[in-house]
Structures are given as structure tokens and as C-alpha cells.
Amino acid sequence: MLGAGVAAWFVLLRRSEWTAVLLALTATACLAAALGRGGRASRAVAVGALAMAVGLALIWWRAERVAAPVLARPAVAAFDARVERAEPLVARELVRLTLAPIDAPALPRRLRVNLAEADVPAGLTRRAVIRLRARLLPPPDAAVPGAYSYARAAWFAGVGATGRGFAPVRIVTPGDAELGLRATLTRHITERVAGSAGGVAAALATGDVGSIAEEDAEAMRAAGLAHLLSVSGLHITAVVGATMLIVMRLLALWPALALRVRLPLVAAAVGAGAAVGYTLLTGSEVPTIRSCVAALLVLAALALGREAMTLRLVAAGAIVVLIAWPESLAGASFQLSFAAITAIVALHDHPWMRGFAEVREKGLLRRWGRGAVLLLMTGVVVEAALMPIAVYHFHRAGLYGALANMVAIPWTTFVVMPLELLALLLDVAGLGAPVWWLVERALWALLWLARIVASAPGAVRAWPVMPDAAYALIVVGGLWLALWRTEWRRWGLAPLAVGSLWAAMTPAPDLLVSGDGRHAAVRTEYGAMALLRERAGEYMQNVLSENGGVKGAPMTLDGLPGAACSADLCAVDVAGRRVVMTRSAYLVPVRALIAACVGADVVVSERRLPVGCRPRWLRLERDVLARTGGVAVGLSGGWTATVRRAGDEHPWVLAAGREDSGAGFRRFRR
């Protein structure tokens with residue numbers, strides 16, 4: 001219910017709506033407390049309504065507290081800035097800098113700038129003051145409906161602009177003499193293991209994924225193994241377990257201590273310290289914090305003699321994260337992390353599963369077979385829980401993740417991570433080279449598995465954008481199934497089935513237009529997407545393909561049969577409608593443009609269109625797109641969807657001067 005309050009703030013648009021819901025929830029809690037007769041139902045309603053109100057108030061307060069200036073329009077600026085963070089993106093040959101400008105009142109208080117590796121001066125470290133020139137942009141909103149909104153994430157991070165820096169970059173004041181433990185350890189690992197294998201090794205140890213080549217990262221995602229790159233429960237468990245084992249074995253060598261002290265408690269305390277230290281080392285990301293909190297609660301429960309793995313444990317971890325970072329609820333990381341652990345705990349808490357998994361005195365083959373079945377069942381349930389989240393956020397889902405994880409999880413836990421730890425320990429004496437060779441071979445085997453699974457027929461299925469309401473029904477149904485233990489559990493199948501059917505029947509858009517009008521894509525009769533501009537960047541190509549529910553690189557309109565394209569205009573028939581789009585910065589003669597508009601149903605342009613250009617249905621020009629943002633159009637069904645919504649009062653929208661978002665668009669709808 002705390003999370004439901006946070007979600008309500010993101011879904012509702014206006015301050016008046018947030019206030020009304022807060023008052024209604026508070027009144028409901030008071031009414032339940034006053035009219036209840038001490039029963040569980042009244043207490044549940046009161047606590048639930050109050051928790052939801054707290055969640056809504058918490059995210060509202062957080063959004064106001066992190067408020068910071070946002071760049072109003074694109075600009076090129078020369079300025080001095082202090083380096084707050086430097087993140088090497090080795091695979092992309094970039095370094096991402098988080099900067100705090102000095103004596104630059106026209107700039108936001110925090111910027112995020114990418115520099116080419118060749119332009120980074122030697123000795124650039126955290127807290128250094130540098131002088132550079134950069135092209136800065138306001139944090140971009142979602143390019144098209146369903147795409148990632150960096151503007152929202154940047155608001156909560158306090159980032160007011162993003163951009164690209166240019167050489168020369170000069171260090172005015174040196175920063176920290178050392179890179180820091182995390183950066184030093186990452187560099188140490190990548191120097192000993194080359195390529196993407198070194199990037200995966202660094203990710204396992206420090207959470208830094210910048211050295212993994214994009215094709216290998218994509219293969220890991222397609223194979224359902226991307227969770228191995230995000231430091232979470234698997235990694236924390238391995239660290240705590242290894243620490244406790246080593247501590248207990250070492251202390252057991254001291255008989256006087258072993259006879260007088262409960263060594264498991266001492267080992268648990270040291271393991272808790274290792275969990276906290278590892279969390280800080282890896283950057284304290286949401287999955288790591290959740291796993292650390294869960295590990296600490298498990299250790300405390302074991303020390304008290306209580307059952308450790310329960311849904312209360314999951315709830316406690318979620319509450320800690322939501323209180324500290326309520327905005328994380330809207331991110332895929334939070335949802336994937338907690339969905340996975342909730343599914344695992346709920347599955348193994350089922351009476352049938354408990355009976356099947358209990359230890360029996362049987363032969364080795366039967367015990368191993370039972371373990372393999374448990375691992376496969378867990379993988380299948382986790383994949384089923386994560387698939388709707390992957391479809392909602394990334395518009396695709398893998399099909400063979402459960403099978404791949406049956407091999408990858410034991411391989412990573414019992415082979416890769418112990419070898420990497422041993423290599424790091426031997427490096428203290430300069431003896432780690434042979435073990436690093438084994439680590440590299442083990443990681444290349446993991447990447448080979450990812451590539452094989454990702455390239456299998458039907459490994460990844462592309463989906464169009466899932467409606468928010470359908471996703472909400474799936475989440476409610478999944479939580480209902482996980483939380484109830486009685487026959488009431490079966491009722492969770494109803495919203496789950498309705499939401500899944502709704503998502504499956506959602507039509508893919510026939511036309512996608514970016515918020516600036518420069519980029520557009522239409523769906524061909526073969527199901528592929530065709531781009532308006534051949535020179536669209538890789539990011540925009542991926543966005544238009546993924547949000548169109550298409551897997552693979554898009555084609556261009558020039559090669560599409562039936563499309564009539566010149567250097568300035570493109571006309572194409574899509575789903576029985578005529579679409580005309582401008583595709584260059586040069587002005588088209590007014591008469592020619594008006595003539596093209598006469599027979600068009602939809603006209604798209606990155607600039608203002610002449611008054612005489614009157615298409616039969618939809619006119620998407622610069623002024624309209626400035627209010628609506630990116631647009632998705634279903635030409636066959638006669639529907640439209642926009643990035644921005646009328647009257648949206650979320651702070652990252654107001655900061656960009658978009659109070660009238662969506663206004664003026666409705667008159668062009670049928």
C-alpha cells in the first residue's frame with residue numbers, strides 16, 4: 001500500500017488530485033478506526049489507507065525537496081565545473097561526468113556531460129575542477145509514447161542538463177589523488193581480463209557495467225541473464241555465505257574461543273559487515289540495497305531462531321527502499337528486483353513446494369534430480385513474474401531465460417565468483433595471473449551461453465507498448481496470488497488474465513513521431529518499421545523499433561515499395577491512409593506542400609506548416625508536437641497516444657515550461 005500511494009502520485013496529474021486522494025485516504029483510515037470493532041478487517045483497512053497516504057505524501061515531498069534548476073533551451077557554453085563523479089564507459093569509448101558548475105548562474109547546479117576518451121585529460125578524478133566547452137540540452141522527455149523518460153530520472157537526480165563536451169578539457173585544480181576503491185578495483189580487474197569478460201568480472205565485483213560491449217550486454221538481456229550484471233541477491237548471498245564460512249573455519253581453529261563463543265553469531269556479524277561494505281563498494285544501487293537489507297534481516301532472524309525467508313522480509317526491504325528513494329518504484333530495477341524475490345519466496349512458501357523440497361535420506365542421484373527440478377521450477381516462476389515487467393518497460397521478453405539460468409546461476413555462484421575472489425586475494429602477493437586466466441575462460445563460457453540462447457529461434461519476442469491499466473491489472477493479480485494463502489488466492493487469476501489478454505490484444509502503432517518531429521517511422525505490410533531519415537542515430541532507431549513492437553534494425557522509406565520520397569518530402573500509404581512527411585531542413589515551396597497535403601490523411605513536419613495545408617485527419621507540426629511530445633498513431637484503428645498529457649503538473653514537466661502539455665491536440669483527433 002505504501003507503493004500504491006507512490007504509484008498514485010505518478011499516475012495522477014494535478015496537485016488538486018493528489019490533495020483529494022490524500023484527504024480521501026486519511027478519511028478512510030479514520031473512519032475504519034472509528035467504526036471498527038477491533039477486528040482484523042477494520043485494522044487492515046485503516047493501516048492500508050494510512051500507508052497509501054504516506055506513500056503519496058512521501059513521493060510528493062521528495063519531488064519538491066530535490067527541486068533544482070533545469071536548462072530552458074539548448075546552449076553551447078564554456079564554464080568551470082567541479083567533477084562530482086567520473087564513470088568510464090569503456091565499451092563506448094566515453095567517460096560520463098557529473099559536474100557542478102562554478103560561478104555560472106545561467107547553468108543548472110548539476111550537469112551530466114559525456115566526453116570522448118581521447119579528450120579526457122590525464123589525472124581527471126573526483127573533486128577536480130575542470131574548464132571545458134560543451135553543448136548542453138534540457139533533460140529529454142520520452143521520444144515516443146512508451147519510451148524511457150530521462151527527464152523524470154534527471155529531476156530526482158538533480159541533473160538540470162545533459163550534453164557532450166569538446167576538447168580541449170583543462171584541469172584547473174587537481175582532484176583526489178586516488179580514483180577511489182570502486183574505480184581502482186574496476187580498473188584492476190579490467191586490466192587482467194580483456195574485453196567483455198573483464199567487464200562482466202568488474203560488474204560482479206563492483207557493479208560497474210561500462211566495460212561490457214553492447215552486443216554482449218544485449219545477448220545477456222535476451223538470454224534472461226542480465227540480472228547477473230546487477231549486484232543483487234545472488235551476489236550479496238555469495239559474499240555473506242563465503243564470509244561466514246571463512247570466519248567460522250578460521251575461528252574454529254582456536255579451541256578456547258570455539259568452546260566459549262557461539263561462532264555462528266560471530267560469523268553472522270562479520271557477514272553483515274561484509275554485506276554493508278559490498279553494498280557501499282558497488283554504488284548502493286536499489287537491487288543491492290534491497291538485497292543488503294534482506295541479508296541483514298535474514299541474519300537477525302537466524303540469530304533469534306526465527307524463520308528467515310518470508311514475505312515480511314521482502315516487505316521490510318521494500319519499505320526501506322521506498323522511504324529513502326520513493327521514486328525508484330517507477331523504475332524497472334525496483335520492479336524486477338522485488339518481483340523476482342517475491343515470486344521465489346511465495347513459491348517456496350507453498351505447502352506443496354515445502355513438502356517437495358524438504359530434505360530426505362535418499363540417494364545422491366535423487367537429491368540432485370530434486371534440486372534440478374526445484375531450480376527449473378523457480379526459474380520458470382521467476383521468468384513468468386518478470387516477463388510482464390520486461391514487456392512494459394522494454395517491449396520485449398525472452399523465452400528461454402529459465403533454462404539459461406539453470407546453468408548460469410550455479411556456474412556464476414560456484415565457479416566464477418569464487419575464482420574471482422581467489423584471484424583478487426592472490427594478487428596481494430602477485431600470484432593471481434593463473435587464476436585470472438581461469439576466470440576469463442569461465443566468463444567467456446558464460447557469454448557463449450548468452451549468445452547461444454539469444455540467437456536461438458524465437459528467443460526474444462517483441463511487443464508493442466503495454467497500456468498502463470493492463471499492466472496495473474497484471475501487478476495486482478500477481479501480488480494477490482503471492483500474498484494470500486487461502487482459497488482467496490485463486491481470485492488473483494482474474495485480473496491477471498484480463499490484464500494479460502488486454503496487453504496481448506493491444507495493437508501496435510502504424511506511425512511513430514518523435515517530439516521534435518525530425519524522426520518518424522511507419523509500419524510496413526511486412527511488420528517491419530521504416531524510418532523517415534536514413535541517418536537517424538542508433539538510439540533513435542532502437543527507440544522507434546522497440547516501441548513499434550518490432551525486433552531488429554528498421555529499414556528506410558527510400559527502399560519501401562510504394563513510397564514516393566524526394567530529398568525534402570516523403571509520401572507513403574500506411575494501413576489505407578496517406579501519410580506525408582517533411583524530411584529536410586530546407587523549406588518546401590508553399591504551393592507544392594499544400595498540394596501534397598490535399599490528398600493526405602496525416603501530415604508530419606518538424607516546422608510550422610502553411611495555413612493552407614489541411615490534411616483530412618491529423619496535422620503534426622512543430623507547435624503541436626511541442627505541446628504533445630512524441631506521438632503514436634494507429635491509422636487502422638483511428639487512435640492516438642501522446643507522451644505529454646494535458647494539465648500535467650509533475651515538477652519535471654513544469655520545469656520545462658510544459659504546463660499546457662497536450663493542449664491544442666484534441667482538435668486534430670477524429
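**Close-up views of the nonpolar cores and the α5–α6 contact**

**View 1. The largest nonpolar core of this predicted model has 55 residues.** Val200, Met220, Leu225, Leu443 and Leu446 have the most contacts inside this core. Two or more residues come from each of α5 (181-192), α6 (195-206), α7 (214-222), α8 (233-251), α10 (263-281), α11 (286-304), α16 (401-427) and α17 (433-455). The largest contribution, eleven residues, is that of α17. A nonpolar core is a set of buried Ala, Val, Leu, Ile, Met, Phe, Trp, Tyr and Cys residues joined through side-chain atoms within 4.5 Å, where buried means under 20% relative accessible area (1.4 Å probe, protein chains only). Helices are DSSP runs of H or I with at least four residues, numbered from the N terminus.

**View 2. Surroundings of Leu225.** Residues up to four places away in sequence aside, Leu225 touches Met220, Ala404, Asn405, Ala408, Leu446, Leu449 and Ala450; contact means heavy atoms within 4.5 Å.

**View 3. A second, separate core has 34 residues.** Among them are Met52, Ala53, Val66 and Phe156.

**View 4. Contact of α5 with α6.** The two axes (lines fitted to C-alpha atoms over the stretch in contact, with angles from 0 to 180 degrees between N-to-C directions) come within 8 Å and cross at roughly 150°. The helices α5 and α6 are therefore roughly antiparallel (over 145 degrees). Arg182, Leu185, Thr186, Ile189 and Thr190 of α5 meet Gly198, Ala201, Ala202, Ala205 and Thr206 of α6.

**Notes.** Residues are numbered from 1 along each chain as its sequence is written. In this predicted model, local features need pLDDT of at least 70, side-chain atom pairs count only at pLDDT 80 or more, and totals for chains, interfaces and linings use all residues, while side-chain values use heavy atoms, leaving out hydrogens and water.

Technical notes. Buried < 20%, exposed > 50% of the residue type's maximum accessible area, 1.4 Å probe, protein only. Parallel < 35°, antiparallel > 145°, perpendicular 65-115°, else oblique.
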